[in-house]
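Got the viewer open? Load the model, switch to a cartoon view and keep the selection box handy.

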Amino acid sequence: MAKVSLILDTRKKSKSRITGLYPIVLKVFHKKNRLLRIGHCTSLAGWDSKNHLLRKSSVANNGLDHQKINAELGDKLHWAKQVVYELGDSIDQLDVDLLLDHIKVRWDSELDFEIKKKVENNITLSQWGSVLIKRKRAANVPGTAQWYQSGVDAMTKFNNGKDIFLYDITVTILNDFEAQQLSKGNSKNTIGMYIRAIRSIYNSAIKEDQFVPIKNPFDHFRTPFKARTKKKAVAKVKIIDIRKLEYEQEGPLWHAKNYALIMFYCRGMNFIDLVKLKVKNIEDDRLLYGRSKTGDPFSVRITESLRTILEFYLKGKQTEDYLLPTNYDGSTKHFQKYKSQRRRMNERLKVIAKDAGIEGAFTTYYIRHSWATIAKFMGISTEIISEGLGHNSLRTTEIYLKSFTNSVLDEANELVVS
């Protein structure tokens with residue numbers, strides 16, 4: 001069977017008398033050896049023989065577009081191997097020189113195909129990203145819109161402030177982007193967030209027939225895993241201590257304490273879902289709402305502790321009125337208002353935590369984590385609470401939670417908040 005590989009031709013006669021560099025060649029073995037020059041040269045130190053790539057750190061490669069050249073080398077090796085594969089047993093009827101001719105024809109045809117695709121796919125990350133961002137803003141999903149924008153901004157900054165064509169996003173580009181982000185001190189969580197946003201924009205363009213990739217780089221690139229962050233759960237005794245705190249009625253800390261307890265009583269409700277609640281979300285003895293992040297419906301039985309707090313906020317209000325003074329309508333227009341509310345809430349939770357003797361950080365997210373962790377320590381089935389918030393994503397936890405009937409969840413909630 002014929003074999004092809006990329007090597008540096010280090011024969012004395014191949015060395016350039018002017019530059020002292022050696023040519024990178026395709027080595028083809030089919031009964032005999034043949035070397036086919038690719039058009040690029042480097043030094044012995046500039047060639048990574050293990051990965052068949054130019055070394056970026058080599059002096060001989062200064063000024064070269066490593067990403068473009070390495071992508072070209074990878075493509076040419078791939079196409080050469082594809083020719084051998086497609087010929088199959090019929091390759092025995094060819095000599096090595098005729099095999100080389102087939103490879104060169106394939107290179108030319110693939111190059112023409114690539115150029116054609118680039119002309120037909122003249123769309124950039126920012127261009128298609130802006131389409132998705134506008135959609136999300138119009139649908140009042142500003143958080144996702146901001147996520148897309150952060151990915152576009154990070155890649156544009158990496159690309160020296162220039163927008164990048166989707167067809168120019170390669171595995172090499174993604175590896176270099178990750179390395180640059182790490183060198184800046186960004187965490188893998190942050191880098192993963194950027195890359196997932198870029199991937200989502202890229203794949204969306206494919207799905208909507210805006211772009212036809214030659215090879216999807218995300219099929220071969222491993223997105224950095226979100227590191228599991230250790231969260232310190234608040235013990236149930238501390239939740240009880242928060243209940244006992246007394247603040248001036250209707251003052252900022254008084255409201256913040258109530259909001260924290262409502263979130264806890266509602267199985268760790270997210271703050272964004274809390275501030276969007278309306279009177280109509282309360283039906284008989286249940287509080288019904290849809291989670292903003294996923295749209296999943298939630299139904300929580302109102303316990304006595306929760307009812308006591310809600311009664312204050314229900315006074316004199318109509319069905320369409322917002323339940324709480326925060327009254328965020330979920331719109332993109334008022335998203336900054338919501339972010340300010342969340343920031344102030346977390347600032348007040350610091351004061352509440354100190355007053356309750358809670359050490360360390362205490363935010364709206366920790367309320368959610370605490371409910372799940374307390375439930376776990378109380379012996380409630382891990383199938384119900386899905387190991388608290390021990391999963392890599394909150395989405396996984398919610399998938400587990402929503403698979404149980406309301407009665408089972410209500411029983412678990414009663415144990416946690418009573």
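What follows is a walk through the chain, one selection at a time.

**Whole chain, coloured by confidence.** Keep in mind that this is a predicted model. The protein chain averages a pLDDT of 83, and 85% of the residues score at least 70. In the cartoon you're looking at 15 helices and eight strands. There are 418 residues, of which 43% count as buried. If you like contact maps: among contacts between residues at least 6 apart in sequence, 59% join residues at least 24 apart.

**Select 252–265, then 394–402.** These are the two ends of the confidence scale here: helix 8 (252–265) is highest with a mean of 93, while helix 14 (394–402) is lowest at 48. While you're in that second region, pick 387–392, where the pLDDT is below 50 and the model has 18 contacts beyond near neighbours in sequence. Residues 399–405 also have pLDDT below 50, with eleven such contacts.

**Select 66–87.** This is helix 1, with 22 residues. From first C-alpha to last, helix 1 reaches 32 Å, close to the 32 Å expected at 1.5 Å a residue. Now show side chains: which residues of helix 1 are buried? The list is H66, I69, N70, L73, K76, L77, W79, A80, V83 and V84. For reading that pattern, recall that an α-helix has 3.6 residues a turn, so residues three or four places apart point the same way. Step just past the end of helix 1 and you land on G88, which has a positive phi of about 60°.

**Select L94.** Carry on into the loop between helix 1 and helix 2 (96–120), and L94 is there. Is L94 buried or exposed? Its relative accessible area is 12%, under the 20% cut-off, so L94 counts as buried. Leaving out neighbours within four places in sequence, L94 is in contact with H30, K31, L87 and H102. Try a distance label from L94 to H30: these two are 64 residues apart along the chain, yet their C-alpha atoms are separated by 8.8 Å.

**Select 125–138 and 188–207.** Here helix 3 and helix 6 pack at an angle of about 90°, with their axes 10 Å apart. An angle between 65 and 115 degrees counts as roughly perpendicular, so that is the label for helix 3 and helix 6. Turn on sticks at the crossing: L125, W128, G129 and L132 come from helix 3, and they meet I198, I201, S204 and A205 of helix 6. By type, the residues in this contact are six nonpolar, two polar and no charged.

**Select N160.** Last come two loop residues to check on your Ramachandran plot. Most residues other than glycine have a negative phi. N160 has a positive one, near 55°. You'll find N160 in the loop between helix 4 (142–158) and helix 5 (171–183). With a relative accessible area of 69%, N160 is exposed.

**Select D209.** Another non-glycine residue with positive phi, D209 has a value near 60°. D209 is in the loop between helix 6 and helix 7 (236–244). Where does D209 stand on the surface scale, buried or exposed? D209 is exposed, at a relative accessible area of 70%.

Methods. Residues are numbered from 1 along each chain as its sequence is written. This is a predicted model: local features need pLDDT of at least 70, side-chain atom pairs count only at pLDDT 80 or more; totals for chains, interfaces and linings use all residues. Side-chain values use heavy atoms; hydrogens and water are left out. Helices (H or I, at least four residues) and strands (E, at least two) are DSSP runs, numbered from the N terminus. The expected span of a helix is 1.5 Å times one less than its number of residues. Buried means under 20% relative accessible area, exposed over 50%, partly exposed in between (1.4 Å probe, protein chains only). Axes are lines fitted to C-alpha atoms, for helices over the stretch in contact, and angles run from 0 to 180 degrees between N-to-C directions. Angles under 35 degrees count as roughly parallel, over 145 as roughly antiparallel, 65 to 115 as roughly perpendicular and the rest as oblique. Contact means heavy atoms within 4.5 Å. Ala, Val, Leu, Ile, Met, Phe, Trp, Tyr, Cys and Pro count as nonpolar, Asp, Glu, Lys and Arg as charged, and the others, Gly among them, as polar. pLDDT is the predictor's confidence in each residue, from 0 to 100.
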